[in-house]
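Work through the exercises below with the model displayed, and compare each step of your reasoning with the solution that follows the task.

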Amino acid sequence: MKHYFAIIGTSRNAFGGVRYTLTPYNSESDIIGFAHEECARSGESLESIAGIGFKTINEGTDDEEIVAEREFAEGEEFQAALSKLNDDGRLYSVFDDSDPEQVLCFIEVADRIGEGERARELAEKFA
């Protein structure tokens, strides 16, 4: 299972400017879970973000249910989760912790936002 370093920034519209957090060892299921929580608060769904429609089954019965028209394609739910976590001027960037180039990119991006030292600590411990 892949794991990611994440650089998370509050909305650029937030009072006091953007604040950043760096986190290690985020799995795809963790990230999807964070996005589902966000969707629950905003009344959205990852399916709708991915452009998946909904349909009603068992219409007019006690078992009536609204379901997605199709399942997510491979990787589609993860991409929808990243889209959700990057909305409203926020930043949620992920970097594969098993890919040396991605780890270097994580450190470079962290350097640009003044968090390079923390990124190096995380990379040393988790990459």
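**Exercise 1.** Determine in which sense strand β1 and β2 pair, and over how many bridges.

*Solution.* Strand β1 (residues 3-9) and β2 pair in the antiparallel sense, over six bridges, where pairing requires that DSSP finds at least two bridges between two strands. For Ile8, the bridge partner in β2 is Thr21. Strands (E, at least two residues) and helices (H or I, at least four) are DSSP runs, numbered from the N terminus. The model is predicted, so that local features need pLDDT of at least 70 and side-chain atom pairs count only at pLDDT 80 or more, while totals for chains, interfaces and linings use all residues. Residues are numbered from 1 along each chain as its sequence is written, and side-chain values use heavy atoms, with hydrogens and water left out.

**Exercise 2.** Establish the strand order of the open sheet, and explain why one side of β2 and of β5 is left without a neighbour in the sheet.

*Solution.* The three strands of the open sheet follow the order β2-β1-β5, with antiparallel pairing. Because β2 (20-27) and β5 stand at the edges, each with a single partner strand, one side of each has no neighbour in the sheet.

**Exercise 3.** Locate Asp87 relative to α3 and β5, and decide whether Asp87 is buried or exposed.

*Solution.* Asp87 lies in the loop between α3 (76-85) and β5 (91-96). With a relative accessible area of 19%, Asp87 is buried, a class that means under 20%, against over 50% for exposed and partly exposed in between (1.4 Å probe, protein chains only).
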